[in-house]
Amino acid sequence: MELLMDESRYEKLREIIKIYLPEDVSVDAISSESHFINELNINSANLVDIVLDVEDAFDIILENEDMDQMQTVSDALQIIETKISDKA
Amino acid sequence: MPRRVVITGLGVCAPNGIGLHDFTEALKDGKSGIRFQPQLQDLGFGCQIAAEPLVPDNLANNYFTPLQLRGLNASGIVYGVIAGTDAWKDAGLKMDRSTGPDWDTGIIFGTGILGVDKFRESIHLVDDHKVRRLGSTTVLQTMASGISAYLGGILGCGNQVTTNSSACTTGTEGILMAYDRIQSGKAKRMLVGSCSDSGPYVWGGFDAMRILPRQYNERPTKGSRPMSATAAGFVPGSGAGALVLESLESAQQRNATIYAEVLGGSVNSGGQRGEGSMTAPNSEAVTRCIEEAVRNSGIEKTEIDLINGHLTATSKDTLELKNWSRALERSGTDFPYVNSFKGLVGHCLAAAGSIECVGAVLQFKENVIFGNVNCEDLNPEIEAHVSSSRIPRKTERYRPKIIAKASFGFGDVNACVIFSAFND
């Protein structure tokens, strides 16, 4: 798989997160430091789905411990980067 | 004094029409929702016809958020949310996500089995050692109460929110459960309905029981023949119906349109004793159920002028009409008018009672008796109990006063509800 630039990974991740935002949280609220549950008010059950979408979009597999660590958008980007470079 | 209970909203997602307008026109014109199903042919079913609502691709966007639609693979939930939301809006009730729960309004929305296609998806994932790929909504889509849970969140209901299940009696039983709750003052308003999934995994078991017609695969619209001498079994169906039941006081306070009044009804079981079994009704129980419904509605047997039967198009149709005749002590030309919508929508299983109750109640609004189809060759044994003149083959102008509706289900369970034109 061709490696993506960080910026485009971030955009790709934002696109995934967007759909899980509650009605009263706008897309603009997403920043690299956003906490999924505490700041973006994403239902914790939906974090499970975000992980599955990330797996599909980046063609990687996340382990349970990765999922536990994925609290913020930058956590997710970090995990994605590690997984992609592990594959390379 | 127990509160009077009225119907202020209707919604339907039926095989022959989605929404009140299309469903009404279909029942008036005898438009069938029964179609040949190539998938059933590919799978080697004996009966390759079925009745399912044709939900246009973009319609669900009006009822679900993009997030809810992701991975949604439970046809019963789609049908139920369409019918339930429509009934709510039809009753003139608001959909406002910003307000708190409405503590006085509840939901009883039944089903037989829910999210079968989603369940199949998960079985494959689990067997492939991919349990973590199930996502967060597998449980919500496959729990029986998924339908009342989805509706409860969309509408913000704060009273009892539950799902009942009693096979093909489900929808009619639910109306009586909601009626009881309002009558006793525990709720002001209840959204009540039922839904049933589509597809081979729901219908297959019935095909295996050899109770579905096998000789109408080339003539699907002729396949469901309630009361006909050539009735060959019921055509499986799916969909959802929904009604808003409300205390008369509440309906009048908010100037709601009143379709009809629920006078009462009865549910019972034959206990699978005598002639009753898991799959066959005990006539004594059916008769008692109808008699009790009449008694607790405070009407005379002579006042019923229209019956919407269970009448599935099996050999039991004659027995059903014999039981009605015995219970009401009326026969021949003195028998009430009778119709069955299953000739057009097949047997929608858990959704049958609610879809048919919506149709039954629409007859008050439209001032008609919806016609029976596919019984031009009326079973002669039926004529021993009911005059052919009481079984209209075409939709007729008529102003019904009291309609009795019954549904019967596997497990030897029965429900009969009495609707009346509303007079204050």
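Modeller: Two residues are in contact if their C-beta atoms, placed from the backbone, lie within 7 Å. The model here is predicted.

Biologist: With that cut-off, how many residues does the contact take from chain B and from chain A?

Modeller: Chain B gives 7 residues to the contact and chain A gives 8 residues. On the side of chain B that touches chain A, 3 residues are charged, 2 are polar and 2 are nonpolar.

Biologist: Into which domains is chain B divided?

Modeller: A domain may be made of separate stretches of one chain, as domain 2 of chain B shows: it takes in 264–339 + 367–420. Domain 1 of chain B covers 5–253. Between the C-alpha centres of these two domains of chain B there are 24 Å.

Biologist: How many residues of each domain of chain B are in contact with the other?

Modeller: The contact joins 25 residues of domain 1 of chain B to 32 residues of domain 2 of chain B.

Biologist: Which element gives the largest share of the domain 1 side?

Modeller: That is α8(B), with 6 residues. Both α1 (20–29) and α8 (170–183) of chain B supply at least two residues of this side. By class, the side of domain 1 of chain B that touches domain 2 has 12 nonpolar, 9 polar and 4 charged residues.

Biologist: What pLDDT does chain A average?

Modeller: Chain A averages 90, and 94% of its residues score at least 70. Among the elements of chain A, helix α2 (residues 44–58) has the highest mean pLDDT, 94, and helix α3 (residues 64–69) the lowest, 88.

Terms used: Residues numbered from 1 in each chain as written. Chains lettered and ligands numbered in written order. Predicted model: local features only at pLDDT ≥ 70, side-chain atom pairs only at ≥ 80, totals over all residues. Nonpolar A, V, L, I, M, F, W, Y, C, P; charged D, E, K, R; others polar. Domains from an automatic or database assignment. Helix = DSSP H or I, 4+ residues; strand = E, 2+ residues; numbered from the N terminus. pLDDT = per-residue confidence, 0-100.
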